Amino acid sequence: MNAPRPYALLAEITYRCPLHCPYCSNPTRMRNNGELTTGEWGRVIREAAGLGVLQIGFSGGEPLARRDLAELIHGAREARLYTNLITSGVGLDANRARELRDAGLDSVQLSFQSDHVDLADEIAGANAHQRKLDAAANIRAAGIPLSLNFVIHRRNIDRLPQIIELTETLGAVRVELANVQFYGWAFLNRAALLPTREQVARAREVANAAKTRLTGKIDIFYVLPDYYETRPKPCLNGWGQRYLTVNPLGDVLPCPTASSAIPNLRFENVRERPLDWIWRESESFNRFRGTEWMPEPCRSCPQKEIDFGGCRCQAALLTGNAANTDPVCTLSPNRAQVDAVLRDLDQSSGHTREWTPRVNPRKAAIRPNA
């Protein structure tokens, strides 16, 4: 199979993070063979540019935990890549913001847990909200375009009007309101995180009204929760089609959560293979690339080249087989599992469920908007 050209690299440069969000998707168990060095990341960046990648997102964990972040951003600028920092903002003081700007940083995506300090800090498991507000001011003062990201779930979805108001106040040019994706800790905590159907309907109305009102001022992206969909999203525009992720240990993934959600698939490492070979030739990138691998009903579906069978990680977690049709699809033989989750939610919607605290620092379960 001829591999398409990749457009974006997600560089997860560390798993270290000062927050303890209950919807984190970083792996709960990791090998201890060390983060990629500055030099190794420099090689990865150059190889990505050679593949045709146009954009790199520096993520984590918390990428600010790497003291060589400015050097990595400078390397990406030298390779002519557009650079985006995906951060909690904790540790981004005025001097650091100017340092990253001068290194060539093009934009920042700053995450928030809510608009209200008490709820935001409760969700983050740390006193972080005020530091995020300070980081937003430092980003704007440095002249770096600011985007915001809010992971939406049952605890904060009813505050969507206030969240959008905060976005306006902070002078962001873009906001992603991304309903939590159920991987990692979010999968464990899904009973406490999944909003009700009524909450989702109200939030959609709020988001659509804000899109209309703020057209030309702020780009608003509202990502619906998969479980309320009737057809799957084209996860990352198809497996191995546009995006690749390199994690802190050097594993190269078609999807940021693939290594923890699909443990029986071998993922190659940049310490052992060139990035070009991994993208074009590796089993992991070719296993679900295109449409030939699809079972029924996907194989006969007229939308198979639109949604590509949906999310492989979701299929693996809910059905035990990553090759199955995404179970959020109403045509999937496994849709009953999703319906059972929704029925249980409806029956218990009047009760408050506590989530399981996350002890080890990981990162939020967010997929790029597709």
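**Exercise 1.** In this predicted model, determine which strands and helices the buried residues of H6 pack against, and where around the axis of H6 its buried residues fall.

*Solution.* Begin with the partners: the buried residues of H6 pack against four strands and two helices, namely strands E4 (107-112), E5 (146-152), E6 (174-179) and E7 (219-223), together with helices H5 (129-141) and H9 (197-213). Next, identify the residues themselves, which within helix H6 (residues 160-169) are Leu-160, Ile-163, Ile-164, Leu-166 and Thr-167. Viewed down the axis of H6, these buried residues lie within an arc of 155°, and they therefore line one face of the helix. The spacing can be understood from helix geometry, because an α-helix has 3.6 residues a turn and residues three or four places apart thus point the same way. Finally, follow the chain just past H6, where Gly-171 adopts a positive phi of about 75°.

**Exercise 2.** Describe how helix H1 packs with helix H2, stating at what angle and how far apart their axes lie, and which residues make the contact.

*Solution.* Helix H1 (residues 38-51) packs with helix H2 (residues 69-78) at an angle of about 25°, the axes being 9 Å apart. Since angles under 35 degrees count as roughly parallel, H1 is roughly parallel to H2. The crossing in which H1 passes H2 is right-handed. The contact is made by Thr-38, Trp-41 and Ile-45 on the H1 side, and by Glu-71, Leu-72, Gly-75 and Ala-76 on the H2 side.

**Exercise 3.** Establish what the mean pLDDT of the protein chain is, and over which residues pLDDT stays under 50.

*Solution.* The chain has a mean pLDDT of 91, with 92% of its residues reaching 70 or more. Over residues 360-370, however, pLDDT stays under 50, and for this stretch the model has 46 contacts beyond four places in sequence.

Definitions and conventions: Residues numbered from 1 in each chain as written. Predicted model: local features only at pLDDT ≥ 70, side-chain atom pairs only at ≥ 80, totals over all residues. Heavy atoms only, no water. Buried < 20%, exposed > 50% of the residue type's maximum accessible area, 1.4 Å probe, protein only. Arc of directions from axis to C-beta. Contact = heavy atoms within 4.5 Å. pLDDT = per-residue confidence, 0-100. Axes fitted to C-alpha atoms, helices over the stretch in contact; angles between N-to-C directions. Parallel < 35°, antiparallel > 145°, perpendicular 65-115°, else oblique. Left-handed = near helix turned anticlockwise from the far one by under 90°.
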